[in-house]
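User: I am new to this structure and would like to understand the reasoning behind the terms used for it. Could you take me through it step by step?

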Amino acid sequence: MPPAGLDNLKHIVVLMMENRSFDHMLGGLMKKYPKVNGLTGNESNPDTKGAIAKVQPNAEFQSQLDPDPDHHFPGVDLQIYGGQPPGPDRVPNMQGFVKDYFTQTNDVKRSHFIMSYFTPDKLPVLSTLATEYALFNGWFSSIPGPTICNRAFAHYGTSFGQVGMDIFYILDPIPSIYDRMIKAGHTAKIYYYDQQSSTMEIVNLLKNQPQIFANYDQFVADCAGDTLPEYSFIEPCYNDHAGAGGGQILASDQHPDHNVREGERFIANTYNAIRKNPKIWETTALLIVYDEHGGIYDHVVPPACTPDGYSAKAADTGIGIPFNFDRLGIRVPAVLVSPWIPRNTIVPGTEDPANQQIFEHASIPATVTKFFLQDDAKRTVREKQANTFLGLLTNTMRPDNDCVAFNL
Amino acid sequence: MPKPKQKSKTKPQPKAAPEAKAAPVPSASPEPATGPLVIDVPRTDPGAFNPDRPAGKLLQSQCAHLREALIRHLHQVTALAATDIRSLKTEGQISDYIHRVTSVLHPRGGPAEKR
């Protein structure tokens, strides 16, 4: 018999933020919580002058990572391998972040900012959720590359051989998780923030309007009105723009150089929307995860992974050799929230080889498919073998007064 | 908050993918909370709003993707507009056409429930 938390589960909600690494956002937790695979303070990278740039607890909400750090395939290759030329003998060492950021800043001092991290007190929402519920020490982006291909793994369990930002059209018989759900008589939605921000999952899913898309206000209303779909994917606001009536709508995605604190408020608002309705709160698992690291330092070497059956050509990777999707991208923050999860649950990653549980974005459609659909043959091997995360829900529901609340 | 009911029905548990195991780690302060922890979330600096910020690659890509989607959409609309409606003879043919046009003009309409 499954645990009561799983037996009561009716909704899975995924909030995918933008472009921040695990160490940058949560690495500072290790000082108080030693099981968190974060930062000792001694991690470093060489800069272009040969000096050592250590990690620093001086991350700022805005204006520090401007220009936007490189996170395209060649740049991430440099970050992971420290500048070793492609070849079978090179070893990933996570020593190329400062060198890579220098290529954009052309300023040695500014290139060190890529080693910055937030202390937990500066991120009260994400840090609190990470310690009040479950934190994944080993959740990695799916590809050592940028947004669109990584987000594709969350929707399809593959990027169909893409490692960049180009539009791709689905000619392969692998349906999105939304198509799978709706075809099987289930409910699923992508909630984008508003029409000015819209969605990053455009061409391939637009055909499914209006079944699949709704805006964020509708998400809040669906939580309040007990009309939340079985699976929901939330997109934050991606740009600053005027709101209705002339108000100011700030980007809440936390993509550099957008304000990190606004993203904190968006995460808290999403949590509150679920938390305020007991019927939804008791039956929902909320995953907060970042699409990729955004070029920002993380000390954990991305592990090898099951290929998804595709290969990106050398011309597309930009590093002179093809990529067979056999290594994950850089580690990102990931937190699972539910009242059925004990406080301070930490899921071990590569720091604990005997017990490690590695996750990546293919774990999202894998989990949704496993829970609601049991199986779907039209999936990549990568997705079929991906770890799923609902086993963290237990038999015991924490009482209301034992679950954090946010005052916005 | 009401206590959860123990339901007799169980969710099917397929065996395809490995499942995460709960691995709770004792907290630095493991004693149970006596009341809800309420966190005040700081407001964002009012000066953070900057619609004049140069758009990055992500937003430029999003713009290109939306334009591509619009072109596809226009192709569909053009095809609908070019339909010779005199060739639609049956209620089924007419309703199919009406459905496709209405989906363009009122995309949030959605399908009706089957009666």
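**Reading the terms from the values**

Analyst: Gladly! Keep in mind that this is a predicted model. One good place to begin is Gln254(A), which is located in the loop between strand 9 and helix 10 of chain A.

User: What makes Gln254(A) count as buried or exposed?

Analyst: Buried means under 20% relative accessible area. Gln254(A) has 0% relative accessibility, so it counts as buried.

User: And what is notable about the phi of Gln254(A)?

Analyst: Gln254(A) is not a glycine, yet its phi is positive, about 70°. Most residues other than glycine have a negative phi. Asn19(A) is another non-glycine residue with a positive phi, about 55°. Asn19(A) sits in the loop between strand 1 and helix 2 of chain A, and its 0% relative accessibility is why it counts as buried.

User: Which peptide bond involving Asp257(A) is cis?

Analyst: The one that joins Pro256(A) and Asp257(A), where omega is about 15°. Asp257(A) belongs to the loop between strand 9 (248-249) and helix 10 of chain A. A cis bond also leads from Asp66(A) to Pro67(A), with omega near 15°. Pro67(A) is part of the loop between strand 3 (52-54) and helix 3 (73-81) of chain A. For background, most peptide bonds are trans.

User: Why is Ser21(A) called buried or exposed, and what does its side chain reach?

Analyst: Ser21(A) is buried, because its relative accessibility is 0%, and the cut-off for buried is under 20%. Its side chain reaches the backbone nitrogen of His24(A) at 3.2 Å. A polar contact needs N or O atoms within 3.5 Å, and the 3.2 Å of this pair fits that limit. Ser21(A) lies in the loop between strand 1 (11-17) and helix 2 (22-26) of chain A. Not counting residues up to four places away in sequence, Ser21(A) touches several others, including His293(A), Tyr297(A), Asp298(A) and Arg331(A).

User: How do you know how many disulfides there are?

Analyst: A search of the whole structure finds zero, over all chains. A disulfide requires two cysteine sulfur atoms within 2.5 Å. Take Cys305(A): the closest cysteine sulfur, in Cys149(A), is 13 Å from its own, so the two are too far for a bond. For Cys63(B), the closest cysteine sulfur is in Cys237(A) at 15 Å, which means it is also too far for a bond.

User: Are those two cysteines, Cys305(A) and Cys63(B), buried or exposed?

Analyst: Cys305(A) has 17% relative accessibility, so it counts as buried. Cys63(B) has a relative accessible area of 56% and is therefore exposed; the cut-off for exposed is over 50%.

User: What makes strand 5 of chain A largely enclosed?

Analyst: Strand 5 (residues 188-192) has five residues and four of them are buried, so the rest of the structure largely encloses the strand. Strand 5 of chain A runs parallel to strand 7 (residues 231-234) of chain A, joined by four bridges, and Ile190(A) stands opposite Phe233(A) in strand 7. Strand 5 also runs parallel to strand 6 (residues 213-215) of chain A, with three bridges between them. There, Tyr191(A) has Ala214(A) as its bridge partner. Two strands pair if there are at least two bridges between them, and both counts, four and three, reach that cut-off.

User: Why are strand 6 and strand 12 of chain A said to stand at the edges of the sheet?

Analyst: The open sheet has eight strands of chain A in the order 6-5-7-1-10-11-4-12, with mixed pairing. Strand 6 and strand 12 (345-347) each have a single partner strand, so one side of each is left without a neighbour in the sheet. From one strand to the next, the twist averages 20°.

User: Which helix packs on the sheet and touches strand 11 of chain A?

Analyst: Helix 10 of chain A does, and it also touches strand 1, strand 7 and strand 10 (284-290). The direction of helix 10 makes about 175° with that of strand 1.

User: What is the size of the largest nonpolar core?

Analyst: The largest nonpolar core has 87 residues, and those with the most contacts inside it include Leu129(A), Trp139(A) and Leu336(A). Helix 10 (residues 260-275) of chain A gives the largest share, seven residues.

Conventions:
Residues are numbered from 1 along each chain as its sequence is written. Chains are lettered from A and ligands numbered from 1 in the order in which they are written. This is a predicted model: local features need pLDDT of at least 70, side-chain atom pairs count only at pLDDT 80 or more; totals for chains, interfaces and linings use all residues. Side-chain values use heavy atoms; hydrogens and water are left out. Helices (H or I, at least four residues) and strands (E, at least two) are DSSP runs, numbered from the N terminus. Buried means under 20% relative accessible area, exposed over 50%, partly exposed in between (1.4 Å probe, protein chains only). A polar contact is a pair of N or O atoms within 3.5 Å; within protein, one must be able to donate a hydrogen and the other to accept it, and residues adjacent in sequence count only if both atoms are side-chain atoms. Contact means heavy atoms within 4.5 Å. A nonpolar core is a set of buried Ala, Val, Leu, Ile, Met, Phe, Trp, Tyr and Cys residues joined through side-chain atoms within 4.5 Å. Axes are lines fitted to C-alpha atoms, for helices over the stretch in contact, and angles run from 0 to 180 degrees between N-to-C directions.
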